Amino acid sequence: MALELIKSVPWVPLFLVLGAGCVAAFTDMRSFKIPNYITLPLLLAGIVFHAFVPGGMGVSFGLSGFAAGFSCLILFYVGAPRLLDRKP
């Protein structure tokens, strides 16, 4: 069973995402920002991955994942300045 799991995991995308996640975490800890030159290529790579991988869900699956993540995180981006500006 473990051998089947090892054969079914797409290793290159896994290491790409883990490596980019480590770089993003390091830059975030150092400067409190994650630059767009890290996030945007990964966004496009995810959509392309789902479009071309055999047995993948397609571009609509990748775009729906982007829309779900964006809709959750935009609330913090838009609402954070108002929530943190407390006046007595």
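**Close-up views of a predicted four-helix chain**

**View 1. His50 is partly exposed, with a relative accessible area of 22%.** The model shown here and in the views below is predicted. His50 belongs to helix 3, which spans residues 36-52. The value for His50 lies between the cut-offs, since buried means under 20% and exposed means over 50%, so a residue at 22% is classed as partly exposed. The view also includes Ser60, which is ten residues away from His50 in sequence. From C-alpha to C-alpha, His50 and Ser60 are 8.6 Å apart in space.

**View 2. The protein chain contains four helices and zero strands.** Read along the sequence, the pattern is α-α-α-α. Helix 2 covers residues 11-31, helix 3 covers 36-52 and helix 4 covers 59-84. The chain has 88 residues, of which 10% are buried. About 7,600 Å² of the chain is exposed, and carbon and sulfur atoms supply 76% of that area.

**View 3. Trp11, Leu14, Phe15 and Leu18 make a nonpolar surface patch.** The patch has an area of about 400 Å². One of its residues, Phe15, is found in helix 2. Phe15 has a relative accessibility of 53%; exposed means over 50%, and Phe15 therefore counts as exposed.

**View 4. Phe32 has a positive phi in the loop between helix 2 and helix 3.** The phi of Phe32 is near 60 degrees, a positive value in a residue other than glycine. The relative accessibility of Phe32 is 69%. Because exposed means over 50%, Phe32 falls in the exposed class.

**View 5. The largest pocket has a volume of about 440 Å³.** Its lining is made up of 19 residues. Those nearest the pocket centre are Val17, Leu42, Leu43, Ala45 and Gly46. Helix 2, helix 3 and helix 4 are the elements that each give two or more residues to this lining. Helix 3 gives the most, with nine residues. By class, the lining of the largest pocket holds 14 nonpolar residues, five polar residues and no charged residues.

**View 6. The second largest pocket has a volume of about 330 Å³.** Two elements, helix 3 and helix 4, give two or more residues to the lining of this pocket. The lining residues are Thr39, Leu40, Leu43, Gly65, Phe66, Gly69, Phe70, Leu73, Ile74 and Tyr77. Helix 4 supplies the largest share of them, seven residues. The lining of the second largest pocket divides into seven nonpolar, three polar and no charged residues; glycine is counted here as polar.

**View 7. Leu43 lines both pockets.** In the largest pocket, Leu43 is among the residues nearest the centre. Leu43 also appears in the lining of the second largest pocket, along with residues including Leu40 and Phe66. Helix 3 and helix 4 each give two or more residues to the lining of the largest pocket and to that of the second largest pocket. Neither the lining of the largest pocket nor that of the second largest pocket has a charged residue.

Technical notes: Residues are numbered from 1 along each chain as its sequence is written. This is a predicted model: local features need pLDDT of at least 70, side-chain atom pairs count only at pLDDT 80 or more; totals for chains, interfaces and linings use all residues. Side-chain values use heavy atoms; hydrogens and water are left out. Patches are made of residues with over 30% relative accessible area and no salt bridge: like charges are joined within 9 Å, nonpolar side chains (Val, Leu, Ile, Met, Phe, Trp, Tyr) within 5 Å. Accessible areas come from the Shrake-Rupley method with a 1.4 Å probe; for residues, only the protein chains shown count as cover. A salt bridge is a side-chain nitrogen of Lys or Arg within 4 Å of a carboxyl oxygen of Asp or Glu. Buried means under 20% relative accessible area, exposed over 50%, partly exposed in between (1.4 Å probe, protein chains only). On a 1 Å grid over the protein atoms alone, a cavity is a set of points where a 1.4 Å probe fits but cannot get out, and a pocket is an open set with protein on both sides within 12 Å along at least five of seven lines; lining residues have an atom within 4 Å of a point. Grid points are joined across faces, edges and corners, and a volume is the space filled by probe spheres set on the points.
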